[in-house]
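Here is a quick tour of one protein model, written for someone who likes to click through the residues while reading. Have the viewer open and follow along.

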Amino acid sequence: MVNPWKTYVKLSAVLMGSHDLTKGSLAFLNYPVQLMFKSTKVLLVMVMGAFIPGLRRKYPAHEYVSAILLVLGLILFTLADAQTSPSFSVIGVIMVIGALVMDSFLGNLQEVIFNMNPETTQMEMLFCSTVVGLPLLIPPMVLTGEVFEAWNSCSEVMICLCSLDYHWLEELGCSLRSLFMRVILLFSSAVSVNN
């Protein structure tokens, strides 16, 4: 491991915040509205890249124009495809904007880590951010009660795991799904590193 653990704590906190705010915003916004907001991510990543120490990127004006046109096209496509009318909620909008800000930090932060330590491997970044992310999932799961639901349905999950039927994941809450997927990533990363 070439990076200190505090690097992965920051990365994991941003990753968890982005994921949880994105999924949580769906409780207050319908999917087309969330998709419209999320399509602006490219602009925020470009803007944030200009302010993050270690990157300080500068984009020419035509790239910003291209990004704006891309975002407008995505929004129009989403609205044209939407069967339902957009549903806005102040809480949902705040959550999805928070997720966008964290998304813009995430990609740039990963790039800074790779630039500052070129020996960093993708496997190290994935494994360490997953190891750090697992404990960060527990408090929100306790607060929402999902940890208790998980404990109660543990026998069903074990039966499903043994039969390799992953349809039960759709019925779990977003924090529990995220925890389960992180455990799978952790074990698959460990197996890959050992091979």
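What follows goes from the overall fold to the annotated spans, then to a few side-chain pairs and surface details.

Keep in mind from the start that this is a predicted model. The protein has nine helices and zero strands, so the string of elements from the N terminus reads simply α-α-α-α-α-α-α-α-α. Of its 195 residues, 34% count as buried. The exposed area comes to about 11700 Å², with carbon and sulfur atoms supplying 70% of it. If you look at contacts between residues at least 6 apart in sequence, 81% join residues at least 24 apart.

Now for the annotation. The unreviewed UniProt entry puts "transmembrane region" at residues 35–52, 64–82 and 88–106. How much of residues 35–52 is helix in the model? That span is 72% helix and 0% strand, and its end C-alpha atoms lie 26 Å apart. Residues 88–106 are 89% helix and 0% strand, with end C-alpha atoms 26 Å apart.

On to the charged pairs. The count of salt bridges comes to two. One of them joins Asp 103 and Lys 38, with 2.3 Å between the closest N and O atoms. Asp 103 sits in helix α5 (residues 90–116) and Lys 38 in helix α2 (residues 31–38), so this pair ties together parts that are 65 residues apart in sequence. Is Asp 103 buried or exposed? With a relative accessible area of 7%, Asp 103 is buried, because anything under 20% falls in that class.

Arg 57 and Glu 111 form a salt bridge too, their closest N and O atoms being 2.1 Å apart. Here Arg 57 comes from the loop between α3 (41–49) and α4 (61–81), while Glu 111 belongs to helix α5, so the pair links parts that are 54 residues apart in sequence. Glu 111 has 30% relative accessibility and counts as partly exposed.

Helix α2 also holds Gln 34, which counts as buried at 5% relative accessibility. Leaving aside residues up to four places away in sequence, what does Gln 34 touch? The list is Thr 22, Lys 23, Ser 25, Leu 26 and Val 96.

Next, the rings. A pair of aromatic rings is described by the distance of the centres and the angle of the planes. The model has two aromatic pairs, set out here:

| Pair | Centre to centre | Angle between planes | Geometry |
|---|---|---|---|
| Trp 5 and Tyr 8 | 6.4 Å | 70° | edge-to-face |
| Tyr 59 and Tyr 64 | 5.9 Å | 85° | edge-to-face |

Trp 5 and Tyr 8 are three residues apart in helix α1 (residues 5–25), about one turn of the helix. Trp 5 is partly exposed at 43% relative accessible area, whereas Tyr 8 is buried at 0%. As for the other pair, Tyr 59 is partly exposed with a relative accessible area of 22%, and Tyr 64 counts as partly exposed at 25%.

Last stop, the surface. Which residues form a nonpolar patch there? They are Val 65, Ile 68, Leu 69 and Leu 72, with about 360 Å² of accessible area together. Leu 69 is placed in helix α4 and, at 55% relative accessibility, counts as exposed.

Methods. Residues numbered from 1 in each chain as written. Predicted model: local features only at pLDDT ≥ 70, side-chain atom pairs only at ≥ 80, totals over all residues. Heavy atoms only, no water. UniProt positions renumbered as here; feature names shortened; annotations may be inferred. Helix = DSSP H or I, 4+ residues; strand = E, 2+ residues; numbered from the N terminus. Salt bridge = Lys/Arg side-chain N within 4 Å of Asp/Glu carboxyl O. Buried < 20%, exposed > 50% of the residue type's maximum accessible area, 1.4 Å probe, protein only. Contact = heavy atoms within 4.5 Å. Areas by Shrake-Rupley, 256 points an atom, 1.4 Å probe, with all protein chains shown as cover. Patch = residues over 30% accessible without salt bridge, like charges linked within 9 Å, V, L, I, M, F, W, Y side chains within 5 Å. Phe/Tyr/Trp six-rings, centres within 6.5 Å; stacked < 30°, edge-to-face > 60°.
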